[in-house]
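Here are a few exercises to work through with the model open. Try each task before you read its solution.

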Amino acid sequence: MRMAIIGFAAGAALLQTQAALPEASTIGLAAVAVLALPLASAAWRRHGGQGGWSATMRGAAALTLAARLAAMLAGCAAGFLWAAWLAHCALAPQLASADEGRDFTLVGTIDNLPYRFDRGVRFNFAVERVVGGVQGQVPPHVALSWYAGFRDQVTEVGDVQPGERWQLTVRLQRPHGNANPYGFDYEVWLLEQGLRATGYVRPDAGNRRLDGFVFSIGNVVEHARAVLRGRILAALPDRPYAGVIVALVLGDQRGIDQSDWAVFNRTGIGHLISISGLHITMVAGLFALAAFKLWRWSFFTRAQLPLLLPAQKVAALVGAAVALLYVLLAGFGVPAQRTLYMLTVVAAALWLNRITSVSHVLCTALGVVVVLDPWAVLWPGFWLSFGAVAVILYATVGRTTLRPARGRHGPAPAAAAQAPSRREQLWQALRLGAHTQYAVTFGLVPLSMLLFAQISVVSPLANAVAIPLISLVVTPLALVGSMLPAPLAGPVLGLAHWLVALLAACLQWFSGLRYAVWSAPTPPFWLFCWAMFGTIWLLAPRGWPVRWLGLATWIPLLAAQPSHPAPGRMTVTAFDIGQGMALLIETGHHRLLYDTGPAYAPDSNAGNRVILPYLKARGIAALDGMIVSHSDADHSGGALTLLDGVRIGWVLSSLWPNHPIALAARRHVHCAAGQGWSWDGVRFEMLHPLPSSYADTALKPNARGCTLKITAGGKSMLLAADIEAAQEAALLERDRGRLQADVLLAPHHGSGTSSTPAFLLAVQPSVAVFQVGYRNRYHHPKQEVYERYGVQGIRRLRTDESGAVALAFGDGAVAATEYRSQQRRYWHGH
């Protein structure tokens, strides 16, 4: 059974790598064929030694191995087909392309815990019906935003609460997210949540609440979560770590600042800032212990309840029920699910008087998680959660035993050996805890490098402080405080917050250490497997030969260096960052970032959402230079985040000297025509603006956009920022001969005020890159401009359709790669 479950999870994971789903009509036929595998395996085991297959594979061991292989193959096929069937069901309700951008008036209920931010509120909406007879199919669940400001108009945001029925006028679009290497896949996240459209609430007099509460189990749970969150926030107004307390009680991490997350992740304690498996086990264990004691003593009556039902079974039932309630409050995350299913299996085994091994419990939890949510295999939390438990099992089960007690002159009597003293029990518990921490720390190194391209060196020390404080003190205080009435909740929650603030100060000190984190490029899968093999060798039982040699397999994993183009060559990565510009230019030994993308929210921008994760995954810790073409937010929105998160040698821009970006830079210089430099055989030339333009304070920022030409291997690229027709004409007049380029970054995202016919004829590009947002409000690129490129035979690449675009220059050729084509998945475009 364990092999079949592991195969099932592997099959579900395999399905998530497919560019297209198998036809729905073939899934049923394939499922019938899959059922034959375990039947054949059973027949093989029954008739082994009677000829047939057994003639070629003799012996019980060979038969057992073949049966396990058949079970794994059957499980793999079943997992693949099950995940494919669920994917077909999930993709079926979708918004038609023709209905994107249309206004619908919907009636439905608030389906989750809303998230409030400075500009409005976000929530999920369960659609019940479309009002007004508007033609078009609306998916049953959509994700909506309700903004306080709409097109420079102040609008009122409704006080939406879980379970309420509302009538709202909304504008919807199909699921779409940025597609970048090593980036977060928003589209599959929406698919997993059952959200088949996104949109925003339009200003309309008909937007109103229809019912205060609509009963359903889900609405009751979400309403309870909202009440508890309101209690916590009311008791901790404007406290910096109130979001951490909410996360510990409800699993809602959206209120934690990005700066705090950076500290938690650098110190390796991010897994504690939520409802983790450790917290659920602790709370369930406390309630189970209380139930055991009370039932054993018959609630201090003469009822003799243990004669009716053993106290152990009552404790198991109470523990499982409490775990279920806590997991519901947690929003049903993967670590919480894993713990719930493990506790449920243990409770069921106890009730059925069945002895079960820990590995059976873990595999059962794995199977249930993947059956209910086959997309869980796509997220780091899934692998870290099950990986940590698997490492603990491998490194501890069957190896840690209490040493026999010893008397003054030798071994103690048998009775004493069977009952070690409290001191010895404490010592053994400390040894077990230290060994477990050692196993988890070392065992997860390869997986952490694969998932995050870094490991926290200070994690063991930080966890030694954080685990007991968070799990044994802060979390119980937060839970009790959230349940108490207002007069009593404040002091309890205030104490929990004070302890979190003390811990945060300690973690900031750990995080500030020079070598707090070890970073390296994300390893290829074969290198991860090699390092994992060495880790298994390292954690092998005592007596295994030269276990320390396992560390040698980590050397290529931890010592890897970022890749570079060969001298004279160049690569350019045009990120998919929505409506904005951001390109990374790499030569043999240098890197330059041209523009930094837009700001999405006060604490969210292209810098921390797209560019920094990419740099970290590549192992890039420093940039030689950064160009901020002009001050518009879609070009400069991520600059401050990048200056804080990565070492940047200099900044070239058209910003005024007192601009925050210029002040934050180590060295800031105005870009001006005539500037130029060479890196590793690659030539960089600044063509615009003229130095004299800085004297004209009335000039728009677009008119001073830093325009850069780069030449490598006989091919060139022109980065034209947001210059418009007047600047294009000026360039034609003074530098026509230098404008020719093989690749053109479309000026001003292909707006109607740029890309004039004369300019395109002078540049003569073979490829044009349009960095634009999906269905952006400016309608870039303009249709007539886009067609102008096509008429001239220019290959047009749009980041909203292609995802990130990678360009390789060298040997007199330019190769362009589109991320969505190279890493196509079945949910893209649906």
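**Exercise 1: a parallel pair and its sheet**

Work out in which sense E16 and E19 pair, and over how many bridges.

Solution. Strand E16 (residues 591-594) and strand E19 (residues 622-628) run parallel, with three bridges linking them. Strands here are DSSP E runs of at least two residues, helices are H or I runs of at least four, and both are numbered from the N terminus. Two strands count as paired if DSSP finds at least two bridges between them. Within this pair, Tyr594 sits opposite Ile627 in E19.

Before going on, some ground rules: this is a predicted model, where local features need pLDDT of at least 70, side-chain atom pairs count only at pLDDT 80 or more, and totals for chains, interfaces and linings use all residues. Residues are numbered from 1 along each chain as its sequence is written, and side-chain values use heavy atoms, leaving out hydrogens and water.

Next, zoom out. The open sheet has eight strands, ordered E21-E20-E19-E16-E15-E14-E29-E30, with mixed pairing. Its edges are strand E21 (668-670) and strand E30 (813-818), each of which pairs on one side only.

Finally, add the helix. H21 (residues 606-618) lies across strand E14 (570-574), strand E15 (583-586), E16 and E19, at about 30° to E15. Axes are lines fitted to C-alpha atoms, for helices over the stretch in contact (heavy atoms within 4.5 Å). Angles run from 0 to 180 degrees between N-to-C directions.

**Exercise 2: the hairpin**

Find how E29 and E30 pair, and which residue in the turn has a positive phi.

Solution. Start with the pairing: strand E29 (residues 805-810) and E30 are antiparallel over six bridges. One partner to check is Ala806, which bridges to Thr817 in E30. Then look at the turn: two residues separate the strands of this hairpin, and Asp811 there has a positive phi of about 55°.

**Exercise 3: buried or not?**

Decide whether Arg229 and Val465 are buried, partly exposed or exposed.

Solution. Take the cut-offs first: buried is under 20% relative accessible area, exposed is over 50%, and partly exposed is in between (1.4 Å probe, protein chains only). Arg229, in helix H5 (residues 217-235), has 15% relative accessibility, so Arg229 counts as buried. Leaving aside neighbours within four places in sequence, contacts of Arg229 include Tyr115, Leu250 and Asp252. Val465 belongs to helix H17 (residues 459-483); Val465 comes out at 36%, so Val465 is partly exposed.
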